[in-house]
Amino acid sequence: MSSNSLLVDRLTREQLLLQRYSNSVIRELLPILTNLRNSLEARMLDTPTEFQAVRLAGLQADLSRIITEITGQLEINLTENLTELAQYQAEFAAKALQTAVSVETVLPSVDQIAAVVTRSQMKLVSGQQVKSLTLNQLITEFAGSMDRQIKTAIQAGVIEGRTVQELAREVGGLVNTRSRRQAETLVRTAVNHVGSVARQRTYEANADVIAGERYVSTLDSRTTITCSSLDSNIYPIGKGPMPPLHYGCRSVRVPEVKPEFRIPGIEGERASVDGPVSARTTYNSFLKKQSKEFQNTVLGEERAKLFRSGMNIERFTDDMGVVIPLDQLKAREGLALA
């Protein structure tokens, strides 16, 4: 257990550093979003004051083209950052594993690591569905969402009789607020995905000393039911739920060393909102010690009542982390519906 506790400590600390790394990548991408806002506003202001149906269609087509071109620049920049990150994370995983096992660790091939950024798919829980997306598809989805939001705003503004200047300001405001938040979430999700898969490639290269991977969630109130329900579960290497499981996911999978390769006499901790706790702490046991208000924030009032009545948090989701609807959950447990 000692080697595994140390790895939980090392990998969860590294995950916190990756969140800071995400912030630096976001800062690099801000000029691209500023350029996007300025380009959209300039095209809007180049439109005659009186909208006509043909002009509106042409305007929307031009705005779509601008979004596609500039988000393409965002993809190039992000791919460059993530390619460097993949190599670093594979090397970090090997070094971390080396501190916890009694044999030499090895790195995956350069080709395996390079494929992480462009080819690997993330499986994201969205409502009751699981979407499989590559980085390219994630950015295409982001661009499509922005395009739809802007078209909706323009169409509503035309119906309301708003001026071109007013609509240009609204479009610029959308990019500054909603689209920027979505871009930040995209970056954090992509960074977690690339780090997760790159480390997994190292675990696969050292499968002879690893029994599986432990799912480790962040011990605070921002962790979703999806991730908190999976915390401390152990899965075969590369199988089962793989972070990121949702947009903005902060969870990590940590290698579980086989008993015969563990180094005795070392222990580790994991971070929590209350400060460092034992690496053996699960989200379920952590949540039991929190206040009623904290539990309600994490689970919602109805699920929190079920949790306090003795139902463990892992019962709230299916095997892939999709949250079970409350009525189905109560029926499954043989409880009377409220």
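## Helices and the model

Helices here are DSSP runs of H or I spanning at least four residues, numbered from the N terminus. With that in hand, let's look around this structure, which is a predicted model.

## A tilted pair in helix α2

There are 3 aromatic pairs in the structure. In one of them, the ring centres of Tyr88 and Phe92 lie 6.3 Å apart and the planes meet at 40°, so this pair is tilted. An angle counts as tilted when it is neither under 30 degrees nor over 60.

Where do Tyr88 and Phe92 sit along the chain? Both belong to helix α2 (residues 53–98), and because they are 4 residues apart, about one helical turn separates them. Tyr88 is partly exposed, with a relative accessibility of 42%, while Phe92 is buried at 16%.

## An edge-to-face pair and its cluster

Phe286 and Phe294 make another aromatic pair, this one edge-to-face, with 5.8 Å from centre to centre and 85° between the planes. Are these two residues buried or exposed? Phe286 and Phe294 are both buried.

Tyr283 joins the picture here too: ring pairs connect Tyr283, Phe286 and Phe294 into a cluster.

## Thr202 and its neighbours

Now for a visit to helix α5 (residues 164–205), where you will find Thr202. Its relative accessible area is 0%, so Thr202 counts as buried.

Which residues does Thr202 touch, leaving aside those up to four places away in sequence? Its contacts are Ala90, Ala93, Ala94, Val106, Leu107 and Pro108.

Technical notes. Residues are numbered from 1 along each chain as its sequence is written. This is a predicted model: local features need pLDDT of at least 70, side-chain atom pairs count only at pLDDT 80 or more; totals for chains, interfaces and linings use all residues. Side-chain values use heavy atoms; hydrogens and water are left out. Helices (H or I, at least four residues) and strands (E, at least two) are DSSP runs, numbered from the N terminus. Buried means under 20% relative accessible area, exposed over 50%, partly exposed in between (1.4 Å probe, protein chains only). Contact means heavy atoms within 4.5 Å. Rings of Phe, Tyr and Trp (its six-membered ring) pair if their centres lie within 6.5 Å; planes under 30 degrees apart count as stacked, over 60 as edge-to-face and the rest as tilted.
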